[in-house]
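Here is a short tour for the bench, going from ring contacts to a surface patch and a helix. Keep the structure open beside you as you read.

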Amino acid sequence: MIETLAEHSRAEDGVIEYRAAVDAEDPNLLRFFERYEDEAAFGAHSETDHFGEFAAALPDLLAGEPEVVRFDVSEATELDL
(Lines give C-alpha, C1' and ligand atoms only; values in the text may rest on other atoms or scores of the structure.)
Protein backbone atom coordinates (compact mmCIF):
# COMPACT_ATOMS: atom_id res chain seq x y z
CA MET A 1 0.00 0.00 0.00
CA ILE A 2 2.83 2.39 0.84
CA GLU A 3 4.51 1.89 -2.52
CA THR A 4 1.25 2.61 -4.34
CA LEU A 5 0.55 5.67 -2.19
CA ALA A 6 4.03 7.08 -2.78
CA GLU A 7 3.97 6.39 -6.52
CA HIS A 8 0.58 8.04 -7.03
CA SER A 9 1.43 10.93 -4.71
CA ARG A 10 4.66 11.72 -6.59
CA ALA A 11 2.57 12.06 -9.78
CA GLU A 12 0.34 14.78 -8.27
CA ASP A 13 0.66 18.41 -9.33
CA GLY A 14 2.51 20.42 -6.71
CA VAL A 15 4.30 17.50 -5.07
CA ILE A 16 8.03 18.13 -4.95
CA GLU A 17 8.95 15.00 -3.02
CA TYR A 18 7.05 12.11 -1.47
CA ARG A 19 8.78 9.09 -0.02
CA ALA A 20 8.51 6.58 2.78
CA ALA A 21 11.38 5.00 4.67
CA VAL A 22 11.74 2.23 7.23
CA ASP A 23 13.59 3.30 10.37
CA ALA A 24 17.12 1.83 10.54
CA GLU A 25 16.71 0.79 14.19
CA ASP A 26 13.02 -0.22 14.22
CA PRO A 27 11.71 -2.00 11.11
CA ASN A 28 8.14 -1.47 12.35
CA LEU A 29 8.54 2.31 12.23
CA LEU A 30 7.84 4.06 8.94
CA ARG A 31 8.53 7.68 8.21
CA PHE A 32 6.97 9.69 5.41
CA PHE A 33 8.81 12.67 3.93
CA GLU A 34 6.65 14.99 1.89
CA ARG A 35 7.37 18.34 0.23
CA TYR A 36 4.79 20.42 -1.58
CA GLU A 37 4.98 23.56 -3.67
CA ASP A 38 2.36 25.25 -1.51
CA GLU A 39 -0.52 24.78 0.92
CA ALA A 40 -2.96 24.15 -1.94
CA ALA A 41 -0.91 21.18 -3.17
CA PHE A 42 -0.83 19.76 0.34
CA GLY A 43 -4.59 20.16 0.66
CA ALA A 44 -5.22 18.60 -2.74
CA HIS A 45 -3.12 15.58 -1.76
CA SER A 46 -5.33 14.85 1.23
CA GLU A 47 -8.39 14.79 -1.07
CA THR A 48 -7.06 12.16 -3.50
CA ASP A 49 -8.53 8.69 -3.75
CA HIS A 50 -5.18 7.00 -3.11
CA PHE A 51 -4.66 8.96 0.11
CA GLY A 52 -8.23 8.29 1.23
CA GLU A 53 -7.83 4.54 0.68
CA PHE A 54 -4.57 4.52 2.63
CA ALA A 55 -6.02 6.57 5.49
CA ALA A 56 -9.05 4.27 5.71
CA ALA A 57 -6.79 1.20 6.03
CA LEU A 58 -4.52 2.69 8.73
CA PRO A 59 -6.57 1.82 11.83
CA ASP A 60 -6.23 -1.90 11.03
CA LEU A 61 -2.48 -1.60 10.35
CA LEU A 62 -1.21 0.54 13.23
CA ALA A 63 -0.28 -0.57 16.73
CA GLY A 64 -1.23 2.86 18.09
CA GLU A 65 -1.83 6.47 17.16
CA PRO A 66 0.46 7.82 14.44
CA GLU A 67 2.75 10.72 15.30
CA VAL A 68 2.48 13.46 12.69
CA VAL A 69 4.89 16.38 12.68
CA ARG A 70 4.71 19.21 10.19
CA PHE A 71 7.66 21.44 9.43
CA ASP A 72 7.06 24.72 7.62
CA VAL A 73 10.34 25.75 6.02
CA SER A 74 10.78 29.04 4.23
CA GLU A 75 14.33 28.36 3.01
CA ALA A 76 16.66 25.39 2.59
CA THR A 77 20.27 25.29 1.47
CA GLU A 78 22.26 22.23 0.47
CA LEU A 79 25.52 21.76 2.33
CA ASP A 80 28.82 20.57 0.89
CA LEU A 81 30.23 17.72 2.93
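## An aromatic cluster

Y18, F32 and F54 are joined into a cluster by ring pairs. Please bear in mind that this is a predicted model. Across the whole structure, a search turns up three aromatic pairs. In one of them, Y18 meets F32 edge-to-face, with 6.3 Å from centre to centre and 65 degrees between the planes. This pair brings together distant parts of the chain: Y18 belongs to strand β1 (residues 15–22) and F32 to strand β2 (residues 30–36), 14 residues apart.

Are the two partners buried or exposed? Y18 has a relative accessible area of 2%, and because buried means under 20%, Y18 is buried. F32 has a relative accessible area of 29%, which makes F32 partly exposed.

## A second edge-to-face pair

Y36 and F42 also pair up: their ring centres are 5.3 Å apart and their planes stand at 75 degrees. Angles over 60 degrees count as edge-to-face, so that is how this pair is classed. Y36 counts as buried, at 16% relative accessibility, while F42 counts as partly exposed, at 33%.

## Arginines over rings

Which ring does R70 lie over? R70 sits over the face of F42, 5.1 Å from the ring centre, and F42 is the ring that pairs with Y36.

Have a look at R19 as well. R19 lies over the face of F33, at 4.6 Å from the centre of that ring.

## A nonpolar patch on the surface

Now turn to the surface, where M1, L61 and L62 make up a nonpolar patch. Together these residues have about 300 Å² of accessible area.

L62 is found in the segment after α3 (49–61). With a relative accessibility of 37%, L62 counts as partly exposed.

## The two sides of helix α1

Which residues of helix α1 (residues 2–10) are buried? They are L5, A6 and S9. Looking down the axis of α1, you will find these buried residues within an arc of 95 degrees, so they line one face of the helix. A general point helps here: an α-helix has 3.6 residues a turn, so residues three or four places apart point the same way.

The face of α1 turned away from the buried side carries E3 and E7, which are exposed.

Technical notes
Residues numbered from 1 in each chain as written. Predicted model: local features only at pLDDT ≥ 70, side-chain atom pairs only at ≥ 80, totals over all residues. Heavy atoms only, no water. Phe/Tyr/Trp six-rings, centres within 6.5 Å; stacked < 30°, edge-to-face > 60°. Helix = DSSP H or I, 4+ residues; strand = E, 2+ residues; numbered from the N terminus. Buried < 20%, exposed > 50% of the residue type's maximum accessible area, 1.4 Å probe, protein only. Lys NZ or Arg CZ within 6 Å of the ring centre and 35° of its normal. Patch = residues over 30% accessible without salt bridge, like charges linked within 9 Å, V, L, I, M, F, W, Y side chains within 5 Å. Areas by Shrake-Rupley, 256 points an atom, 1.4 Å probe, with all protein chains shown as cover. Salt bridge = Lys/Arg side-chain N within 4 Å of Asp/Glu carboxyl O. Arc of directions from axis to C-beta.
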